[in-house]
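Notebook open, fresh page. I want to go through this one piece by piece and jot down what I find.

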Protein chains: 2
Amino acid sequence: MANIRFYNARILTMEDQNIIEGELWVSGSKITYIGEGKANDIKWDSQIDCNRNILMPGLKNAHTHSGMTFSRSLADEYSLNDWLFKAIFPREAKLTPEHIYWFTKLAYAEYLSGGITACFDMYFHLREAAKAAVESGIRLVFCDSANDFGGIDELEDNYNTYNSFDPLVSFKLGFHAEYTTSKKNMEYVSQLAHKYKAPVYTHISETRAEVEGCKDRYGVTPAVLLDRMGIFDFGGGGFHCVWFTDEDMEVFRSKGLWSVFNACSNLKLASGIAPVYKFIDSDMKIAIGTDGAGSNNSLSLIREMYLDTVLSNSMTGNAATVDPYKILKAGTTGGALCMGLDDSDVLAEGKKADIIMIDMSRPSMQPENNIIRNIVYSADNSCIKMTMADGKILYEDGKFTSVDIEEVYRMCNRLQKDLV
Amino acid sequence: MANIRFYNARILTMEDQNIIEGELWVSGSKITYIGEGKANDIKWDSQIDCNRNILMPGLKNAHTHSGMTFSRSLADEYSLNDWLFKAIFPREAKLTPEHIYWFTKLAYAEYLSGGITACFDMYFHLREAAKAAVESGIRLVFCDSANDFGGIDELEDNYNTYNSFDPLVSFKLGFHAEYTTSKKNMEYVSQLAHKYKAPVYTHISETRAEVEGCKDRYGVTPAVLLDRMGIFDFGGGGFHCVWFTDEDMEVFRSKGLWSVFNACSNLKLASGIAPVYKFIDSDMKIAIGTDGAGSNNSLSLIREMYLDTVLSNSMTGNAATVDPYKILKAGTTGGALCMGLDDSDVLAEGKKADIIMIDMSRPSMQPENNIIRNIVYSADNSCIKMTMADGKILYEDGKFTSVDIEEVYRMCNRLQKDLV
């Protein structure tokens, strides 16, 4: 059990906006101390001078399809429906477990290089993704993507298997979306939610056409439909939430459901812009995800946070629309709680050591008028100096400690050729 | 005169979309060879294995106010008018030459770290900015910001002084904007344009209120007004171009004027979104800038290029609206030609060695389905492995060769205290 001492640090715990000057100690997978430092007789395995850089909770990618890195820059000329049916589904049919293993590893490396310590991952061939996560050291929460084309029969098994697979891995009930899942199959998901008293997550109101289709089929919007079916009786949430009505927002607010935004994907696929400021104004639970690499195309949560602030400004015509701190909170604490990672939400004694270091010696982080604003408005992945998950340093100064990155690139480019 | 050989490179010249595998040679400030390599008896000062990373022209920041890094994250709660009059102008009144020198140096370091090799810089205390540029090694083109509050009397002197100051520095006629400059002063700018047969640049149609104000004052939009005054008789262009009418676009198209977009600043200040796709569809001359750090807040041209593609998608509802290559062209070649840097527009023998290396071993640059799309959609400053301007390597693997960056940070944070 390694003991690591970070000293000469500025610590943004995200319990509030204060910055603590001093030390953060890690023992094994947990944070054991945050403060100005004190006498101790701990045998340190590593003592790290932070040079007054910022320590803060790892970013949480609360919606992604990691294995989709195969599709990055591959089919950028389609809107969502054509993109799915013409470009993605035919290629996904060719994906083998080997493809998933390597393309997922690529995504996980990108997360680590971007300060993301946990992801809420919705894809298939779960065993290979779980293996990639455990080897990479990143925290993985599966969200099932069951739908009429597959996954319903394995949903309960997966729930039990991947909730006792590895300390880094957990699993949440989910299904792809109303428009790909029959009422019978959604009713089954609802039964499982009640059996396990478990939350359920799904794509929801991503495009206007999806909402209109649901109204044609059921007479109500997806959020109202799923709520009436009891799917959300034990919590959960939805991804995208671009075309939410006031009634949808009230369903999510009153049930305490999570709204997860994916601004880059929605912009690129021309799906619309989620009115993030309305969710904040209504005190709703919000988190942020990158979506998959095919529709983003980067997997940068920092870019998502930036866009969630400025797009809201643009929608309202008011430059003060969204408080950047609330967005940083959504990208860290919100994401953790959304995925059920209650021990990874903030930096505090007893919490998991899922920590990143922001490099304040990048020009875009200076001067230090307001560090939180600098992070949300001006940072990018070049400002991520270190990423630690579960007490292990996985990325530092541009190098990966747990991933043979050149091998990942070699394999991904080789396997890519099978998918053309 | 140093001779530098880049080998094992992939070279995106930006003359077209092809990528050349091989070598690029630099002698002094110029590119002397691009090709697969050949026998030679050159005494190389440096031979650099590019490891198949991409060499391409440096990005060109075609509109910025570099000295404004003092205002980063300082007053994020204002719309453009209040931001200018309540937050910025009172602080600018306190800026000394020393402030400008250090805050400009900070901006120039940020450009280099983001692959920007030239900037079109509109601010004051030109001598200190020019000194900062020459010391940093970056290519600087001044655009004058004369207006009713100052600068008109010095405009002609500045034109002559900074067009013969240093090979890295040049100067273009300009004024701040119609709404800050009297007709008499604009007429004087027009006279200078005719005297020197020189192009003129200015802020134009950034906000709806600016356009309405101009119509109240003169009965026409800013572009039409300035055109009728003869200001654009020898070319030039405008910054922002958010609220252009069809007539404005026709003025700019028919005169071959440059439209320079600043998406991040416009979003953050809630000024609107320029319909970039319309300018491309009309075959207009376009370039891209970051605007100042107070309203962006980063100075990343990569982020600007990304937004120019996806915001157009979002405006039209069509994911194929803008070809990323045309945006990359605007961010490199377009910017250079806009600023009069005809020798820095593409990589070719005889052109200036203003070159960047894209790090293809960042996860976001893989797999290599389409390298141009990867750059525009997925890159950030962490993908800039090297920046060379005028034949000198100024930034490499996160380190600055021409700037004492810790001293810059120390001075900026100290001088910042004068401005509160």
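**Confidence first**

I looked up chain A: its mean pLDDT (the predictor's confidence in each residue, from 0 to 100) is 96, and 100% of its residues reach 70 or more. This is a predicted model, where local features need pLDDT of at least 70, side-chain atom pairs count only at pLDDT 80 or more, and totals for chains, interfaces and linings use all residues. Residues are numbered from 1 along each chain as its sequence is written, and chains are lettered from A and ligands numbered from 1 in the order in which they are written. In chain A, helix 1 (residues 80-92) has the lowest confidence, a mean of 85, and strand 14 (residues 355-358) the highest, 99; helices (H or I, at least four residues) and strands (E, at least two) are DSSP runs, numbered from the N terminus. For the complex, I noted an ipTM of 0.97 and a pTM of 0.97.

**Two copies**

I then checked how chain A lays on chain B: a turn of 180° and a shift of 0.0 Å along the axis give an RMSD of 0.0 Å (least squares on the C-alpha atoms of residues with pLDDT of at least 70 in both). The two copies are thus related as by a two-fold rotation axis. In chain A, Ser382(A) has the C-alpha nearest that axis, at 2.1 Å.

**Domains**

Which domains does chain A have? The assignment, automatic or from a database, gives domain 1 (3-58 + 344-400) and domain 2 (59-338). Their centres, over C-alpha atoms, are 28 Å apart.
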